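Biologist: I am new to this model, so please teach me how to read its surface and its inner spaces.

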Amino acid sequence: MVKVNPPSFASKLRRKGSKQRTNLAIATWEGVPAIILQTLLGGPFLTGFLLYLGAGSRQIGFVLAITTFVNIAQIGAAYWMQRIRSRKRMLLLFVGAHRILWSATGLIPFLFPQEWWVSIFIGMYTVAFIANTIGGMIWTSLIGDIVPAKVRGRYFGIRNTILNALGSVCLFVGGMVLDRFPGGTGFLILFIPVWICAIANTVIYFFYPDMPFERSTEKGFWRMFKKPFQDQSFLKATLFLAAWLLIQTLIVPLYSYVMLDLLSVNYQTVSIITVVQTLVMMMGFYLWGNLNARFSNKTLLFWTLPIIALSCLSWGLMSFMPVLVALFCSHIFLGIGVGGFNQLAFNFTIGDTPKSERPMFVAVYSALTGVTSFLGPLIGGSLYEKMVKWPETMTWFSTYGFQMGVGAAMLILTFTLGRRVLLR
């Protein structure tokens, strides 16, 4: 009889390491169709599509804000998650619904009368992002278990760099398409790869591992809900970031609206500016990821804030320099700052929170910052609606003065309250 030796400890480690690498590769490849879809449906293309449908600044502000407001749904979803058997199945259900509904907005001009276009878009978009906010929380919980903590900062830095490189190509090509084929024809061309990627992205989720889920130690909703509010360090940082995002979103989500509608910059130029922003963001992802191995999430989060403020202040350059110089400078700062902020805020919610209570911590963070990020674009859109009616002698305020005022407020908030909350 041939004696079979049990697997050695070293071989078990190799098998475990190989499985981890496979899971990380799946998570990276999943992002490829996702970034194509998000790039061609979001950013300047979302603003452009809304303008094509007939939306005004207030409606554009509402659409840009709704994606964060629906994050409130994550609080109920965090409690519900404790009772599901498979995170993977629910991820497929909700993320798949988001991808299909969002990409289906491209059919609106072909199926409905023109006077209904904006209202139907807002309805479909809202339902899509309610599904996305639930799916996103499940993904955050699952990816936190898939990616080992010691490589988390570096992995997401590399992943985001790769995906944003692809996103920058999509931005450039999309801008060329819309300039060459203005109106409905150009958007139809963009929606064809979007529909393909929506299906591909959903299919790849079938290959995600269904990791074991460490459930909350609390059984009742209120006891679970109170946990994040009892963590003073987490709560102070979250409340500060919520206040910061209220000010930031007064203007940053409306950059494309100002360029396309108020400054009459063409789609291709806006795309090139956004590509430059994305390229800088890619380098920033790698830099912030490496720094994250040495410094805490909150410390690095603090240093992203003045960079974002400089993005708003840079609009003032157009008072004595060419408009495009100011826009490129602004978006370079925005790429460095917002790229780092988003990556580090994500790492903060999955790295600085207890694993068993992570869904509720993520939900509370998303809800608090979501409400303020919802109010910001709404207020900003309403203010722009009033500003465009001002006399021509005041057009400077809507094109760069308002941005400078917001940037100054952001700097003051950073070096007063932000310094006390994030650097202690």
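Biologist: Which helices each supply at least two residues of the nonpolar patch?

Modeller: They are α6 (108-111) and α9, where helices are DSSP runs of H or I with at least four residues, numbered from the N terminus. A caution: this is a predicted model, where local features need pLDDT of at least 70 and side-chain atom pairs 80 or more, while totals for chains, interfaces and linings use all residues. Residues count from 1 along each chain as its sequence is written, and side-chain values use heavy atoms, without hydrogens and water.

Biologist: Which residues form the nonpolar patch?

Modeller: A nonpolar patch joins side chains of Val, Leu, Ile, Met, Phe, Trp or Tyr within 5 Å, from residues with over 30% relative accessible area (Shrake-Rupley, 1.4 Å probe) and no salt bridge. A salt bridge puts a Lys or Arg side-chain nitrogen within 4 Å of an Asp or Glu carboxyl oxygen. Here Leu107, Phe110, Leu111, Phe112, Trp116, Leu188, Ile192 and Ile196 share about 790 Å² of accessible area. The largest share, three residues, comes from α9.

Biologist: Where does Trp116 lie?

Modeller: Look in the loop between α6 and α7 (117-146). Trp116 is partly exposed (between 20% and 50%) because its relative accessible area is 48%.

Biologist: And the inside: what lines the second largest cavity?

Modeller: A cavity is a set of points on a 1 Å grid where a 1.4 Å probe fits but cannot get out; lining residues have an atom within 4 Å of a point. This lining includes Leu40, Phe45, Trp102 and Phe187. α1 (9-41), α2 (43-53) and α9 (184-204) each supply at least two of its residues.

Key. 1 Å grid on protein atoms, 1.4 Å probe; cavity = no way out; pocket = protein on both sides within 12 Å on 5 of 7 lines; lining within 4 Å. Patch = residues over 30% accessible without salt bridge, like charges linked within 9 Å, V, L, I, M, F, W, Y side chains within 5 Å. Buried < 20%, exposed > 50% of the residue type's maximum accessible area, 1.4 Å probe, protein only.
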